[in-house]
Amino acid sequence: MTDSHADVLVVGAGPTGLTLAAVLAAHGVRPRLVDRARDRVHESRALAIQPRTLEVLAGLGVSDTLVSLGNPDVRLHLHVAGRDIPVPLFDVGLADTAYPYLLFLSQGQTERVLAEHLSAHGVAVQRGVGLFGMDQHDDRVVCRLRHGDGSEEVVDAAYVVGCDGAHSTVRERAGIPFAGGSYPQTFLLADLEADGIRPGSAHAFLSARGLLFFFPLVQPASWRMLAMRPQGLPVEPSTDVTLAQVQALADAYTGRSVLLHDPVWMTNFRLHHRAATRYRAGRVFLAGDAAHIHSPAGGQGMNTGIQDAVNLGWKLAHVLRGSNAGLLATYETERAPVGRSVVRMTDRAFGIAASANPLIAFARARLAPLVLSLAPRISTGRAYLFRTLAELGIHYRCSPLSIEDGGRARHGARAGDRLPDATIIHKGAQTTLHAALGEPAWHLLTCEADEPSLRAAVQRLPERYHGSVRVHHLTSRSGGSDLHDPDGVALQRLGVRRGRPAVLLVRPDGHVGYRTGTVGVGGLEAYLRRWLPPEAARR
């Protein structure tokens with residue numbers, strides 16, 4: 001038995017745990033990251049990375065690598081009643097992001113990239129190490145770990161985060177209920193090769209019996225197949241799967257038009273819809289599948305977990321450095337509504353896709369193709385749908401961290417909203433607003449502000465807060481500013497009119513924390529004093 005200490009013990013090294021560890025490291029906290037599995041995931045599993053997830057990972061410097069490994073140019077083909085209907089994906093509504101597409105990449109590759117990023121920053125994933133005991137105290141959490149060789153270790157952790165999935169030991173030990181249920185249908189997953197379908201596109205075979213999907217991959221195979229087994233014939237998830245069974249299921253949906261071969265991985269599985277009743281118990285937090293699980297409809301699961309991690313990571317790091325501990329209460333306030341919304345949305349979508357109700361089955365097989373064939377003509381509705389799926393519309397307007405000083409903004413980004421992106425000129429070179437504000441810090445953005453007293457006041461903030469705040473000036477006029485918006489698009493998306501100054505304080509996760517249209521900085525300074533480390537301010 002050995003004893004050790006950790007500022008943050010992260011249990012579970014899937015995409016959520018890896019991201020959390022990376023965010024902590026970016027903010028100067030060295031986490032302890034453990035996982036009972038002896039190896040990372042190599043199968044495809046979660047394979048869709050949404051635009052907002054690529055935005056938040058860009059701050060870690062891994063998004064370009066993920067894009068280079070994946071497929072950002074996927075088209076959807078709907079097959080029904082012998083027809084092949086191309087359906088546009090993410091072609092409208094995403095002008096304010098540098099990643100206007102759904103990236104297809106296997107979870108195995110995503111985990112590899114994140115793990116390599118951590119290793120390069122001196123953080124190792126400790127595999128074959130599981131949590132089997134946890135006791136909370138006022139100032140620490142005493143955790144008992146068991147290593148693969150049978151040895152045990154006691155870890156005193158300031159905080160513990162359960163990123164250990166649907167069967168979370170951390171959640172169980174913290175006594176947090178996991179409310180919800182299971183769907184009656186059984187599904188089949190396989191990574192394999194398939195002949196007879198257009199490469200590089202996603203394919204959905206739609207019928208009264210349900211849905212069959214083929215998603216394009218690069219590794220570990222060319223295709224991921226997802227199919228619903230026939231109603232009334234439940235199969236236990238532990239039952240072995242043969243290629244002959246998979247082929248027979250595919251034949252029933254495709255009319256024997258697709259030949260399957262060279263499977264890498266095949267499994268039966270059941271779907272669940274559950275949510276933790278709390279995301280926090282004292283010094284213990286939940287993120288990702290430990291906090292919410294749902295159907296894969298819309299490709300939301302892994303993305304929601306990664307964004308949980310980004311939201312929590314910077315807050316833990318700030319509190320460990322002396323910030324207001326109330327920051328940690330905002331994690332559940334902000335992320336629990338997102339988790340509940342995702343569970344509701346995917347539950348409704350799954351109900352339509354999998355229902356055995358004759359009317360719904362008829363609509364799925366006959367009416368849905370007609371609606372989808374008309375989709376290109378309905379740009380407004382598609383734009384809203386795509387922004388929802390892309391997770392660009394997630395906001396925290398009701399959070400204590402979101403303050404509108406001097407009245408609510410009528411247009412553009414409000415306090416709590418994600419900062420929209422746009423092309424700008426930075427020091428003579430073309431870049432994006434997100435890239436210019438990409439460092440793991442708070443970013444103070446003054447817009448169209450030429451008042452000398454305001455400029456002087458905000459320039460003093462980096463010195464007062466020891467580098468926790470970066471200051472930028474954005475203007476439509478060239479010269480005299482580090483950020484130039486030549487066509488005015490960035491300012492328009494921010495809701496800033498020419499000649500009317502605005503000040504936005506952007507949080508480390510890219511959401512607007514504070515916004516004002518006044519030239520004074522009293523409210524801004526009060527906001528910073530409340531949330532940043534008090535010892536950092538030089539008075």
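1. In this predicted model, Ser201 touches Val74, Arg75, His77, Phe214, Pro216 and Trp223, once residues up to four places away in sequence are set aside. Ser201 itself belongs to the loop between β11 and β12, and with a relative accessibility of 5% it counts as buried, because the limit for that class is under 20%. A colleague looking for this residue on the structure should therefore expect a buried loop position.

2. The strands on either side of that loop belong to an open sheet of eight strands, which has mixed pairing and the order β5-β4-β12-β13-β14-β11-β15-β18. Its edge strands are β5, residues 83–87, and β18, residues 292–293, each of which pairs on one side only.

3. At the β5 end of this order, strand β4, made up of residues 76–80, runs antiparallel to β5 and is joined to it by five bridges. Within this pairing, Val80 has Arg83 of β5 as its bridge partner.

4. Towards the other end, β11 and β15 are paired in the antiparallel sense over 14 bridges, and Thr186 stands opposite Arg270 of β15. The pairing of β15 with β18 is also antiparallel and consists of two bridges; here the bridge partner of Arg274 is Ile293, which lies in β18.

5. Which strands does helix α6 lie across? The helix, residues 243–254, lies across β11 (178–195), β12 (202–207), β13 (210–216), β14 (223–228) and β15 (259–276), and it runs at about 80 degrees to β15. Since angles of 65 to 115 degrees count as roughly perpendicular, α6 and β15 can be described in that way.

6. Gln247 is placed in helix α6 and is buried, its relative accessible area being 14%. Leaving out residues up to four places away in sequence, Gln247 touches Val258, Leu259 and Leu260. A polar atom of the Gln247 side chain lies 2.9 Å from the backbone oxygen of Val258. By contrast, the C-alpha atoms of Gln247 and Ala166, which are 81 residues apart along the chain, are separated by 30 Å.

7. A separate point concerns the packing of two helices, which is described by the angle between their axes and the distance between the axes. Helix α1, residues 15–26, and helix α7, residues 301–320, pack at about 25 degrees with their axes 8 Å apart. The two helices are therefore roughly parallel to each other, the cut-off for that description being under 35 degrees, and α1 passes α7 in a right-handed crossing. On the α1 side the contact is made by Pro15, Thr16, Thr19, Leu20, Val23 and Leu24, while the α7 residues taking part include Met302, Gly305, Ile306, Ala309, Val310 and Trp314.

8. Another open sheet of eight strands, again with mixed pairing, has the order β19-β26-β25-β22-β23-β24-β20-β21. Its edges are β19 (403–405) and β21 (429–432); each has a single partner strand, so one side of each is left without a neighbour in the sheet. Strand β20, residues 423–426, runs antiparallel to β21 and is joined to it by four bridges, with Gln430 of β21 as the bridge partner of Ile425. Helix α12, residues 452–459, packs on this sheet, where it touches β22 (442–447), β23 (469–475) and β25 (502–506), and its direction makes about 150 degrees with that of β23.

Key: Residues numbered from 1 in each chain as written. Predicted model: local features only at pLDDT ≥ 70, side-chain atom pairs only at ≥ 80, totals over all residues. Heavy atoms only, no water. Pairing = 2+ DSSP bridges. Contact = heavy atoms within 4.5 Å. Axes fitted to C-alpha atoms, helices over the stretch in contact; angles between N-to-C directions. Buried < 20%, exposed > 50% of the residue type's maximum accessible area, 1.4 Å probe, protein only. Polar contact = N/O pair within 3.5 Å; in protein donor to acceptor, adjacent residues only side chain to side chain. Parallel < 35°, antiparallel > 145°, perpendicular 65-115°, else oblique. Left-handed = near helix turned anticlockwise from the far one by under 90°.
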